[in-house]
Amino acid sequence: MARDASSTAAVRRFAADLRDIRGRLLADLLPIADIADLLAAVRSRRELPRQGLTHSGIEYTVHGAGCRMVSSDRRVVDVDLVTDPVLGREVEAFDAWRIRWFLDEAADDGYNHEEIVEACIDLARDGYLREVVEGRWFALPDAPGGPA
């Protein structure tokens, strides 16, 4: 399938906002190192609440396998911890559903699931993303568990 420029741009926008929002969240929560550490701080160490608001205005909610992050201007990004079969450890990953949620394109006239997946696959081939689980889970190339 040929790359659709608009869906590729949409995935790039998600990735850029994920990098920004996640970065500000972790900077605000120092010494929390990554999302796995945040989950441990909430669940096992009980150092942080399940839901919180940082001083730079990032809201976070720890859920099942990951974390939902909302910027002060209401951009929503979400990641799960997913086992990378190549690395044999959990990495912060996202799927097409999370990207569509970010885009607020759940209506029939928005991007469809297949367009978003194909854009992610193409961006992974270009090194802009990493494909963690073939056709399903993707990650930023510089996130924990980044390039192998």
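User: What does buried mean for a residue here?

Analyst: Buried means under 20% relative accessible area. This is a predicted model. In it, 49% of the 148 residues of the protein chain count as buried.

User: And how much surface does the protein chain expose?

Analyst: About 7500 Å². Carbon and sulfur atoms supply 51% of that area.

User: How many helices and strands are there, and in what order do the elements run?

Analyst: The protein chain has four helices and seven strands. From the N terminus on, the order is α-α-β-β-β-β-β-α-α-β-β.

User: What share of the contacts joins residues far apart in sequence?

Analyst: Take the contacts in the protein chain with a separation of 6 or more. Residues 24 or more positions apart account for 47% of them.

User: Now the interior. How do I read a nonpolar core?

Analyst: In soluble globular proteins, nonpolar side chains tend to be buried together. Here, the largest nonpolar core has 39 residues. Ile35, Leu38, Met69 and Leu129 touch the most other members.

User: Which elements give two or more residues to this core?

Analyst: On the helical side, they are helix 1 (5-28), helix 2 (35-43), helix 3 (96-103) and helix 4 (113-125). Strand 2 (59-63), strand 3 (66-70) and strand 4 (76-84) do so too. Helix 1 gives the largest share, eight residues.

User: Which residues does methionine 69 contact, leaving aside neighbours within four places in sequence?

Analyst: Its contacts include Leu18, Ile21, Arg22 and Leu25. Ile35, Ile58 and Glu59 are also among them. So are Arg75, Val76, Val77 and Val79.

User: What other core lies apart from the largest one?

Analyst: One of six residues. Val82, Val91, Ala93 and Trp137 are among its members.

User: How do I read a pair of packed helices?

Analyst: Two packed helices are described by the angle between their axes and the distance between the axes. Start with helix 1 and helix 3: their axes come within 10 Å and cross at roughly 90 degrees. That crossing makes helix 1 roughly perpendicular to helix 3.

User: Which residues meet there, and of what class are they?

Analyst: Helix 1 brings Ala10, Val11, Arg13, Phe14 and Asp17. Helix 3 brings Arg98, Ile99, Phe102 and Leu103. By class, six are nonpolar, none polar and three charged.

User: At what angle do helix 3 and helix 4 cross?

Analyst: At roughly 110 degrees, with axes that come within 9 Å. Helix 3 is therefore roughly perpendicular to helix 4. Ala96, Ile99, Arg100 and Leu103 in helix 3 meet His113, Ile116, Val117 and Cys120 in helix 4. This contact has six nonpolar residues, one polar and one charged.

Conventions:
Residues numbered from 1 in each chain as written. Predicted model: local features only at pLDDT ≥ 70, side-chain atom pairs only at ≥ 80, totals over all residues. Heavy atoms only, no water. Core = buried A, V, L, I, M, F, W, Y, C linked by side-chain atoms within 4.5 Å. Buried < 20%, exposed > 50% of the residue type's maximum accessible area, 1.4 Å probe, protein only. Contact = heavy atoms within 4.5 Å. Axes fitted to C-alpha atoms, helices over the stretch in contact; angles between N-to-C directions. Parallel < 35°, antiparallel > 145°, perpendicular 65-115°, else oblique. Nonpolar A, V, L, I, M, F, W, Y, C, P; charged D, E, K, R; others polar. Areas by Shrake-Rupley, 256 points an atom, 1.4 Å probe, with all protein chains shown as cover.
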